[in-house]
Each structure stands twice: as structure tokens, then as C-alpha cells.
Amino acid sequence: MPVIFSFIIPVYNCAPYLENCVASILAQTVCDYEILLIDDGSKDESGRLCDELAAQDSRIRAFHKENGGAASARNYGLDQADGKWILFVDGDDMLEADTLAQIQPLLREKRLVIYGMAFDYYAGERIERTDLMAASRPGLFSAEQFASDYQGFFLDNYLSSACNKAFDLGLIRESGLRYREGMNLYEDYAFVLRYLSLVHEVYCIGHGLYHYRLSTQENHLHKLVYQIDRLEWNMLGLFEAAECFGNSVPDPSKLNSSVAGVFLQMLSLHLFLHHYNTKTLKSVTISYCANHMFRNLLENGGPLSREESSLLRQIDEGRFFSLALHYRKRFLRWQIRKAIKKVLRKIR
């Protein structure tokens with residue numbers, strides 16, 4: 001039955017948090033919606049919990065599929081949805097109760113509505129701190145204006161997630177837009193960039209309506225950048241999406257430099273986690289930075305940040321010994337800080 005909103009929730013081993021996630025949607029002051037729970041081959045009690053929640057409320061539908069990752073689960077949800085507008089929610093996150101009430105009056109054809117995110121850092125079941133990421137300049141922007149201040153919106157965290165946006169399902173289906181399955185880093189970002197190529201304007205809400213759950217004890221990104229070949233493959237998906245959006249605006253230079261910067265930031269994090277000898281470091285970094293799509297972004301983009309420029313310059317100038325030394329020092333300082341924090345937690 002057609003509804004205004006479809007919430008698509010990929011569910012994978014998130015049983016302790018799923019009920020709170022769904023409860024935050026059921027608490028919405030606007031009630032014309034459906035909730036699609038896509039159990040992506042969970043190994044805990046999540047699948048059973050999806051069925052129980054669906055049995056309790058007719059607006060909830062549960063689906064079960066073999067594990068294929070979040071991108072696959074979201075594509076599955078897009079195929080099943082009946083809503084005019086799509087909102088993606090992760091199974092361990094929550095929404096403010098007035099989220100739909102705030103975004104509904106702003107929805108238009110060919111417009112993307114984006115709202116802020118509150119990053120809740122948990123120590124066990126207690127929120128240790130919350131970092132709010134919201135637009136420094138809320139309001140309505142044309143696609144051209146959005147592209148011209150692209151780095152500012154990216155730094156406001158308004159781009160890399162699909163969970164703080166309302167998407168037009170008709171536009172998605174008409175254009176054949178899909179998540180790139182198998183991509184497990186920045187797959188949301190790539191989807192958003194491709195969607196941006198389809199719209200004429202963007203409306204930014206300067207409030208943190210989406211609550212993203214993080215643990216103070218884990219760094220999921222570290223796992224995603226550990227394999228350099230896998231990292232580069234993920235980045236290719238992002239490059240292709242950036243090219244798609246760039247072709248739809250008059251001046252894509254800010255976009256190009258921002259995405260090139262992400263490519264170098266991921267390399268920097270990879271090098272931080274690996275202790276390569278100089279010979280291997282040379283081989284890895286030269287191969288990574290020789291990527292033709294990356295070089296094209298550099299050629300047609302604006303200036304990189306100082307840190308990104310320094311990393312690329314050292315690689316291009318062959319200063320691999322100093323590069324290896326730099327990352328070993330950084331890693332050692334990080335280990336020392338971790339040890340100090342661990343001691344301080346015990347003292348408390």
C-alpha cells in the first residue's frame with residue numbers, strides 16, 4: 001500500500017539495539033510510513049527479532065536474505081519499498097521524534113533534503129560524549145552552489161552518509177540508481193554523489209536529527225583501510241560517482257579536490273596502521289598514487305590541504321625513508337596516548 005515514507009533498515013547482528021532503533025521511528029509525530037527490516041543473514045537473534053517486531057505493527061515488514069553487505073541490503077529494500085520518499089537508517093541508530101515533521105514541508109521533486117547528525121560515543125551502554133555535525137550554513141542551495149562550496153559541506157558531514165537524507169524513490173527507480181554491491185567503504189558517499197547528479201537543489205537542515213551510534217573502544221574505519229588493494233577498489237567506486245556528479249555542474253574543481261583528498265587521507269590512515277619497510281612502502285605508495293582517475297582529479301581540481309599535499313609530494317619526490325619514519329612516530333604517539341587513557345579509566 002503506498003505511503004509517504006519508507007524507512008529501509010539493513011539489519012546485521014544488531015539485536016541489542018534494533019528495538020530502540022525501531023521505537024525511535026514509531027515515535028515519529030508523522031505516521032504515514034512503513035519500516036522495512038532487511039535481515040542480511042544475521043548470525044545473532046536479529047532475524048527473529050525482525051519477525052517479532054513485524055508481528056507487532058502492520059507498518060513493519062521483515063525480509064530475510066543471504067549476507068551480502070549493507071549495500072546489497074539497501075538495494076533489496078529499494079526493490080520492496082512503497083513510499084514516495086526513502087530514508088535509510090542503520091539498525092543500531094536512532095532518530096529524533098520530529099524528524100519527519102521537520103523534513104516533510106521541505107520535500108520537493110528534484111530536491112535532496114539533508115539533516116544533521118549527532119554522533120553518540122558509547123562506553124558500554126553509557127553515552128560518553130556526543131559530537132554534533134550540522135550545516136554551518138543551513139538553507140536552500142542550487143546544485144551549482146552546492147558544488148562551489150563542496151568541501152565545506154563535506155566537512156560538515158553532509159555527504160558521506162545516506163542516513164541523514166530523504167531520497168525520491170521514483171527518481172531512483174527512473175534513473176536506475178543502485179548501491180555498488182561489494183563496496184564496503186564510502187558506498188553511501190558514492191550513492192549520494194550519483195543522486196546529486198539527478199537533482200537541481202539541496203536543502204540543508206542545521207539540526208542533528210539522526211543519532212549515529214559509535215563505540216569509544218572501536219575504530220571500524222581501521223579495518224576497512226587495512227588491505228591496500230581493497231581500499232583502492234572502494235575508491236574507484238567513489239571516483240566514478242564523483243565523475244557522475246561533476247559532469248552535471250559547471251565547475252567540479254572543488255568536488256574533484258575533495259575526493260582526491262579523501263583518496264590520500266585513506267592512504268595516510270593505511271600507512272599509519274602498517275609498518276612497511278622502505279622498499280615495500282615505495283612500491284605500495286607509487287602504485288596507489290599512479291591511479292589514473294586520481295591523477296585526473298588532481299589535474300582538474302583545486303589545491304589539496306597542506307597535509308595531503310605533503311604526503312603526495314614526498315611520494316612523488318621519492319622520500320620514502322622519511323615517510324616511513326613519520327608514520328612510525330605517529331603510530332608510537334597514538335599507542336602511548338591509548339595506554340595513558342586506559343590507565344586513567346582504571347583510576348576513575
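D40 and K65 pair up through their side chains in a salt bridge, with 2.8 Å from N to O. Keep in mind that this is a predicted model. The two partners come from distant parts of the chain: D40 sits in strand 2 (residues 33-40) and K65 in strand 3 (residues 60-65), 25 residues apart. Both ends are tucked away, since D40 has 3% relative accessibility and counts as buried, while K65, at 16%, counts as buried too.

Next up is K84, which bridges to D168 with the closest N and O atoms 3.2 Å apart. K84 belongs to strand 4 (residues 83-88) and D168 to strand 9 (residues 165-168), so this pair ties together parts that are 84 residues apart in sequence. Here the burial is mixed: K84 is partly exposed at 35% relative accessibility, whereas D168 is buried at 6%.

Then there's R319, whose side chain meets that of E317 in a salt bridge. R319 is partly exposed, with 37% relative accessible area, and E317 is partly exposed as well, at 48%. Elsewhere, salt bridges with shared partners join E34, R61 and D82 into one network.

Here are the three pairs side by side.

| Salt bridge | N to O distance |
|---|---|
| D40 and K65 | 2.8 Å |
| K84 and D168 | 3.2 Å |
| R319 and E317 | 3.0 Å |

The count of salt bridges comes to 16.

Now for something without charges: L332, I336, I340, V343, L344 and I347 make a nonpolar surface patch of about 570 Å². One of them, I336, is found in helix 15 (residues 320-347). With 45% relative accessibility, I336 counts as partly exposed.

Terms used:
Residues numbered from 1 in each chain as written. Predicted model: local features only at pLDDT ≥ 70, side-chain atom pairs only at ≥ 80, totals over all residues. Heavy atoms only, no water. Patch = residues over 30% accessible without salt bridge, like charges linked within 9 Å, V, L, I, M, F, W, Y side chains within 5 Å. Areas by Shrake-Rupley, 256 points an atom, 1.4 Å probe, with all protein chains shown as cover. Salt bridge = Lys/Arg side-chain N within 4 Å of Asp/Glu carboxyl O. Helix = DSSP H or I, 4+ residues; strand = E, 2+ residues; numbered from the N terminus. Buried < 20%, exposed > 50% of the residue type's maximum accessible area, 1.4 Å probe, protein only.
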